[in-house]
Amino acid sequence: MRPLIVIGNWKMNGSLAGNEVWIKAVCKGMEQGMPAGRKFSVCAPAPYLAQCGALIDQCSLAFLTLGAQDVSAHSSGAYTGEISAVMLKELRCTYVIVGHSERRQMHHETDGLVAEKAFQVLDLGMTPVICVGESADERNSGRAVEVVRGQIAKQVAVLQDRLADCLIAYEPVWAIGTGKVASAQLAQDMHRAIRLQLAEFDEDVASHVGILYGGSVKPDNAVELFAMPDIDGGLIGGASLNPQDFLAICQA
């Protein structure tokens with residue numbers, strides 16, 4: 001049975017003082033009890049990974065881990081500003097987001113590059129969170145499933161059975177940071193389509209891969225979303241900045 005996983009993505013937010021307040025508040029809340037069989041992580045900006053990792057270690061909760069927001073497709077070398085999977089492993093990251101729509105749009109990342117990054121993460125024993133999703137125009141023109149299938153197909157072609165050790169995050173681009181959220185049924189339909197596509201390749205892979213939903217997830221819609229059979233948790237953006245909202249989503 002796939003565990004429910006909730007991952008907070010702070011994006012380019014945070015401060016040394018604020019991070020400490022956030023992690024201590026979340027740890028305190030989680031110590032009071034979390035539903036069994038769930039996993040939680042926070043993906044902090046790269047400059048804060050060491051600090052956040054140390055604070056998470058202090059609270060000694062096995063189900064709360066550290067994650068990163070991106071990784072280089074290269075293991076080392078003359079790549080100024082890049083961060084390697086080796087570095088993230090040294091910082092004890094568990095999850096690494098690859099292919100977030102903001103990276104795809106602002107930095108022109110391709111499906112091939114996303115797969116290369118996922119390989120780097122896998123080779124260091126961490127879990128890549130591979131983001132896919134369609135734009136508003138693609139959704140409105142009836143091409144949403146076609147677009148997402150194309151993004152998934154490249155990952156299948158490159159990663160093959162190693163996909164079983166990945167997470168996929170379906171994030172409709174039109175719902176990220178907009179306040180708009182896919183209905184639970186719409187999200188379930190796309191998650192189901194992704195799982196069926198993976199089953200065309202390998203049914204065992206399809207049954208093991210966790211598929212998270214991301215896109216304006218909040219405490220008031222998380223319960224309905226997480227109740228869907230093919231939604232295995234959430235990749236939480238804006239709502240993860242508030243520790244109480246994040247805790248409420250984790251409890252959902």
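Which residues of H5 are buried? In this predicted model, helix H5 spans residues 111-123, and its buried residues are Gly-112, Val-114, Ala-115, Lys-117, Ala-118, Gln-120, Val-121 and Leu-122. These buried residues pack against helix H3 (85-90), strand S4 (93-98), helix H4, strand S5 (127-132) and helix H7 (144-159). With 13 residues, H5 reaches 18 Å from its first C-alpha to its last, close to the 18 Å expected at 1.5 Å a residue. After the helix comes Gly-125, which has a positive phi, near 80 degrees.

Helix H4, one of the packing partners of H5, also leads to the largest pocket, since residues 101-106 of this helix supply three residues, the largest share of the pocket's lining. The pocket holds about 550 Å³ of space, and of the 23 residues that line it, Lys-11, Gln-69, Asp-70, Arg-103 and His-107 are the closest to its centre. Sorted by class, the lining consists of twelve nonpolar, six polar and five charged residues.

Lys-11 deserves a further word on its backbone. This residue sits in the loop between strand S1 (4-9) and helix H1, and its phi is positive, near 55 degrees, in a residue other than glycine. Most residues other than glycine have a negative phi. Gln-160, in the loop between H7 and strand S6 (167-170), likewise has a positive phi of about 55 degrees although it is not a glycine. Gln-160 counts as partly exposed because its relative accessibility is 36%, a value that falls between the 20% limit for buried and the 50% limit for exposed residues.

At the other side of the loop that holds Lys-11 is H1, a helix of residues 16-31 that includes Leu-16. Leu-16 is classed as exposed because its relative accessible area of 53% is over the 50% cut-off. Leaving aside neighbours within four places in sequence, Leu-16 is nevertheless in contact with Tyr-48 and Gln-51, and its C-alpha atom is separated by 8.9 Å from that of Cys-52, 36 residues apart along the chain.

The nonpolar interior remains to be described. The largest nonpolar core has 70 residues, and those with the most contacts inside it are Met-30, Leu-64, Ile-194, Leu-198, Tyr-213 and Phe-226. Beyond its neighbours within four places in sequence, Phe-226 is in contact with Leu-4, Val-6, Ile-231, Gly-233, Gly-234, Ile-249 and Ala-252. A second core, separate from the largest one, is made up of eleven residues, including Ile-7, Tyr-95, Ala-169 and Leu-212.

Technical notes:
Residues are numbered from 1 along each chain as its sequence is written. This is a predicted model: local features need pLDDT of at least 70, side-chain atom pairs count only at pLDDT 80 or more; totals for chains, interfaces and linings use all residues. Side-chain values use heavy atoms; hydrogens and water are left out. On a 1 Å grid over the protein atoms alone, a cavity is a set of points where a 1.4 Å probe fits but cannot get out, and a pocket is an open set with protein on both sides within 12 Å along at least five of seven lines; lining residues have an atom within 4 Å of a point. Grid points are joined across faces, edges and corners, and a volume is the space filled by probe spheres set on the points. Helices (H or I, at least four residues) and strands (E, at least two) are DSSP runs, numbered from the N terminus. Ala, Val, Leu, Ile, Met, Phe, Trp, Tyr, Cys and Pro count as nonpolar, Asp, Glu, Lys and Arg as charged, and the others, Gly among them, as polar. A nonpolar core is a set of buried Ala, Val, Leu, Ile, Met, Phe, Trp, Tyr and Cys residues joined through side-chain atoms within 4.5 Å. Buried means under 20% relative accessible area, exposed over 50%, partly exposed in between (1.4 Å probe, protein chains only). Contact means heavy atoms within 4.5 Å. The expected span of a helix is 1.5 Å times one less than its number of residues.
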